[in-house]
Amino acid sequence: MNLGSVTRYLEGEVIDEGGKDKESKVAKLPSRFIERFVLKGIKVDLIEPGRIVCSMKVQPHLLNAGKFLHGGAMATVVDLIGTAAIYTNVDSDQSEGVSVEINVSYLDAAFLDEEIEIESRALRVGKAVAVASVELRRKKNGKMIAQGRHTKYLAPRPKL
């Protein structure tokens with residue numbers, strides 16, 4: 001692949017037929033688009049303080065070139081579902097927080113239309129730092145697909 005092709009792949013097709021720059025399709029997407037894109041079709045099966053269990057079918061738009069669930073989509077699930085488990089235990093005087101660290105171990109593949117289960121547990125929710133674990137498993141046999149950990153900084157809300 002040549003450098004121009006790589007650039008166009010990363011930036012999106014931003015040049016029209018006349019050779020003029022135009023806005024990328026990605027730039028036109030609504031804010032926070034990624035959450036809905038990755039979690040499309042998710043179902044919350046259980047929610048309790050410090051724990052969430054969800055399920056979803058692997059959607060075609062989440063597949064990589066190898067035709068299985070993209071690692072970036074799994075990392076986004078770790079981020080979003082881990083955050084949700086943390087928020088089941090957050091005090092109202094804490095802000096939404098920001099991610100400090102996310103790590104994911106990819107253990108197996110999940111394929112198109114395969115039903116997966118996502119379980120997240122808040123391991124610690126302190127005054128400033130929270131940690132969640134997230135596991136993605138095949139729903140039919142419980143085999144683990146990925147295991148992640150998400151650490152967030154929870155800043156106190158300003159008291160004005």
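In this predicted model, Thr 151 touches residues from two other stretches of the chain. Leaving aside neighbours within four places in sequence, the contacts of Thr 151 are Val 98, Ser 99, Val 100 and Glu 101, together with Val 129, Ala 130 and Val 131. Thr 151 itself belongs to strand E6, which covers residues 144–153. With a relative accessibility of 14%, Thr 151 counts as buried, because the limit for that class is under 20%.

Two of these contact partners, Val 100 and Val 129, return in a feature of the surface. Val 98, Val 100, Val 129 and Tyr 153 make a nonpolar surface patch of about 340 Å². Within this patch, Val 100 is part of strand E3, which spans residues 98–106. The relative accessible area of Val 100 is 56%, so this residue is classed as exposed, the cut-off being over 50%. A helpful contrast can be drawn here: Thr 151 is buried, whereas its contact partner Val 100 is exposed.

Attention can now turn to the charged residues. Side chains of opposite charge can pair when their charged atoms come close. The model holds 11 salt bridges in total. Arg 138 takes part in a salt bridge with Asp 108, in which the closest N and O atoms are 3.0 Å apart. This pair brings together distant parts of the chain, since Arg 138 sits in strand E5 (residues 129–138) and Asp 108 in the loop between E3 and strand E4 (115–125), 30 residues apart. The two partners differ in their exposure: Arg 138 is buried, at 9% relative accessible area, while Asp 108 is partly exposed, at 27%.

Arg 138 also forms a salt bridge with Glu 114, and here the closest N and O atoms are 2.4 Å apart. Again the pair links distant parts of the chain, with Arg 138 in strand E5 and Glu 114 in the loop between E3 and E4, 24 residues apart. In this case Arg 138 and Glu 114 are both buried.

Beyond these pairs, salt bridges with shared partners join Glu 48, Arg 51, Glu 117, Glu 119, Arg 121, Glu 135 and Arg 137 into one network. A further salt bridge is found between the side chains of Lys 43 and Asp 45, with an N to O distance of 3.3 Å. Asp 45 is partly exposed, because its relative accessibility of 33% falls between the limits of 20% and 50%.

Technical notes. Residues numbered from 1 in each chain as written. Predicted model: local features only at pLDDT ≥ 70, side-chain atom pairs only at ≥ 80, totals over all residues. Heavy atoms only, no water. Patch = residues over 30% accessible without salt bridge, like charges linked within 9 Å, V, L, I, M, F, W, Y side chains within 5 Å. Areas by Shrake-Rupley, 256 points an atom, 1.4 Å probe, with all protein chains shown as cover. Salt bridge = Lys/Arg side-chain N within 4 Å of Asp/Glu carboxyl O. Helix = DSSP H or I, 4+ residues; strand = E, 2+ residues; numbered from the N terminus. Buried < 20%, exposed > 50% of the residue type's maximum accessible area, 1.4 Å probe, protein only. Contact = heavy atoms within 4.5 Å.
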